[in-house]
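Visitor: I have a structure to read and little practice. Could you take me through it feature by feature?

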Amino acid sequence: MKGFTEFIKKQPPGRLIAMGFAVVIFLGALLLMTPLSVRDGAEVTFIDALFTSTSAVCVTGLIAIDTADHFTPFGQGVVAALIQIGGLGVTSVGVGLIIAAGRRVSIRSRLLVKEALNVDSYGGIVRLVKSVLLMTLCFEVTGAVLSFLVFSQDYEPVHALGISIFHSIAAFNNSGFDVLGGLRNLIPYRDSILLNMTTCFLIIFGGLGFLVILDILKNKSFRRLSFHSKAVISTTIALLTVGTLLLKATEDVSWMGAFFHSVSARTAGFSTYSIGDFTNAGLFVLCVLMFIGASPGSTGGGIKTSTFFVILQAVRSMCTKRSIGAFHRSISQQNVSKACIIAVLSMAVVCVATFLMCVLEPECTFIQLLFEVVSAFGTVGLSTGITPYLSVAGKLVIILVMYTGRIGAVTLISMWIEHPEPNARYTEETISIG
């Protein structure tokens with residue numbers, strides 16, 4: 001036991017976070033296979049339990065088996081708990097439990113939270129965790145109450161309350177799980193303005209990031225917000241607007257349906273129309289939105305809005321010969337380099353995974369497989385309907401892609417590579433580009 005403790009202490013924060021997610025995923029899979037979790041007459045294989053647990057912890061929403069039809073209320077509660085842990089982050093939940101127990105939060109724990117929430121300093125970490133947990137509770141309670149007003153019209157009060165709580169947790173944590181049964185997602189409620197707007201409200205704020213929400217609550221004026229918050233909010237609004245217009249132009253959906261899917265593609269994964277019926281143009285629009293994803297420090301995935309924003313500003317700078325920046329602020333070359341690396345590595349993951357899926361699932365079309373992979377990498381959960389029919393090997397590829405998308409391609413690669421700083425620097429030369 002002492003040797004294990006020493007081993008844990010020697011691990012860098014990124015590696016511990018990745019290991020923590022992996023442990024929770026496997027524990028969740030084991031819980032989902034117990035008789036308490038599985039409905040009578042339903043069959044849940046280990047690969048399907050692992051797929052479900054990974055999808056929940058990575059707040060994705062892709063499902064190999066229907067959650068309502070295969071799992072008991074206890075099993076659905078396990079899925080909801082995994083979504084909550086995955087959305088808040090293993091370290092944030094752990095620190096929250098330490099705070100609730102009245103114990104002192106160690107420097108090591110503060111370091112892990114700093115890494116997980118992507119903050120710059122150790123100062124106020126405990127206060128930040130408390131704010132994050134309280135904020136999450138407020139949003140999810142509000143979402144559950146508003147959702148109950150809709151679900152109570154079709155279900156018994158107790159059942160409607162369970163669905164409402166589950167839906168609110170899934171929506172705020174940007175995970176497209178539902179417990180309505182029959183693989184229907186929210187299609188029966190495509191005309192419910194209240195449920196559509198409530199879901200969009202939870203997804204948007206869950207995807208903005210906790211630091212941005214706290215900044216908004218503190219300053220209450222766009223002009224006084226931090227540069228990061230301005231970049232995130234402006235990019236989010238632009239993506240939602242463009243996504244809505246393009247989906248309305250390419251698909252036979254209502255304006256509310258176009259807006260809903262533009263919001264949901266930002267890593268949430270709920271749908272009010274059958275994605276399998278979308279045109280290739282509409283699926284491509286969703287792929288772009290899913291790949292960009294939500295914002296840093298949020299419950300969502302993707303390369304993040306801030307990464308996309310920095311790359312756009314770098315492109316604008318090269319075209320106009322102006323310095324890289326926006327909102328009267330400059331962007332460092334280090335940020336530009338990091339954004340480009342994240343984008344390139346993410347595209348590499350998607351390309352490799354799509355190639356493997358093409359080999360393993362030859363009966364599916366290329367756009368179906370590309371969509372599935374991008375949805376998994378962006379931890380979205382939207383699907384053209386092929387997920388339950390994937391082979392074991394195909395499901396394993398998607399599991400790895402979901403895990404990579406939640407941890408981050410850069411983090412997953414760099415946490416195993418430890419090179420000392422070089423003492424010598426080589427002569428710099430230029431090469432022809434473009």
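Visitor: Which helix gives the most to the lining of the largest cavity?
Guide: Start with the general idea. Rolling a probe the size of a water molecule over the atoms shows where empty space is left. Now the case here, in a predicted model. Helix 10 gives the most to that lining, with four residues. Helix 10 covers 193-208, and helix 12, at 227-250, also supplies at least two residues.

Visitor: What is the volume of the largest cavity, and which residues line it?
Guide: The volume is about 70 Å³. The lining consists of Asn174, Ile203, Ile204, Gly207, Leu208, Thr236, Leu240, Val263, Arg266 and Ala294. Sort them by class and you get six nonpolar, three polar and one charged.

Visitor: How many cavities of 30 Å³ or more does the structure hold?
Guide: Two. The second largest has a volume of about 50 Å³. Its lining includes Phe151, Ile163, Phe166, His167 and Phe177. Helix 9, residues 157-172, gives the largest share of that lining, three residues. By class, the second lining has seven nonpolar, one polar and one charged.

Visitor: Now the packing. Which residues have the most contacts inside the largest nonpolar core?
Guide: General idea again. In soluble globular proteins, nonpolar side chains tend to be buried together. In this model, the largest nonpolar core has 104 residues. Ile83 and Ile398 have the most contacts inside that core. Apart from it lies another core, of nine residues, including Val310 and Ile331.

Visitor: What is Ile83 in contact with, leaving aside neighbours within four places in sequence?
Guide: Ile83 touches Ala56, Val59, Phe166, Ile169, Ala170, Asn173, Ser175 and Phe177. Look back at Phe166 and Phe177: both also line the second largest cavity.

Visitor: Ala56 takes me to helix 3. Is helix 3 mostly covered or mostly uncovered?
Guide: Mostly covered: 11 of its 12 residues are buried. Among the buried ones are Ile47, Asp48, Leu50, Phe51 and Ala56.

Visitor: How far apart are the end C-alpha atoms of helix 3, and what span should its residues give?
Guide: Use the rise of 1.5 Å a residue. Helix 3 runs over residues 46-57, so its 12 residues should span 16 Å. The end C-alpha atoms are 16 Å apart, which agrees.

Visitor: What comes just after helix 3?
Guide: Val59, with a positive phi of about 40°. Val59 is also one of the contacts of Ile83.

Conventions:
Residues are numbered from 1 along each chain as its sequence is written. This is a predicted model: local features need pLDDT of at least 70, side-chain atom pairs count only at pLDDT 80 or more; totals for chains, interfaces and linings use all residues. Side-chain values use heavy atoms; hydrogens and water are left out. A nonpolar core is a set of buried Ala, Val, Leu, Ile, Met, Phe, Trp, Tyr and Cys residues joined through side-chain atoms within 4.5 Å. Buried means under 20% relative accessible area, exposed over 50%, partly exposed in between (1.4 Å probe, protein chains only). Contact means heavy atoms within 4.5 Å. The expected span of a helix is 1.5 Å times one less than its number of residues. On a 1 Å grid over the protein atoms alone, a cavity is a set of points where a 1.4 Å probe fits but cannot get out, and a pocket is an open set with protein on both sides within 12 Å along at least five of seven lines; lining residues have an atom within 4 Å of a point. Grid points are joined across faces, edges and corners, and a volume is the space filled by probe spheres set on the points. Ala, Val, Leu, Ile, Met, Phe, Trp, Tyr, Cys and Pro count as nonpolar, Asp, Glu, Lys and Arg as charged, and the others, Gly among them, as polar.
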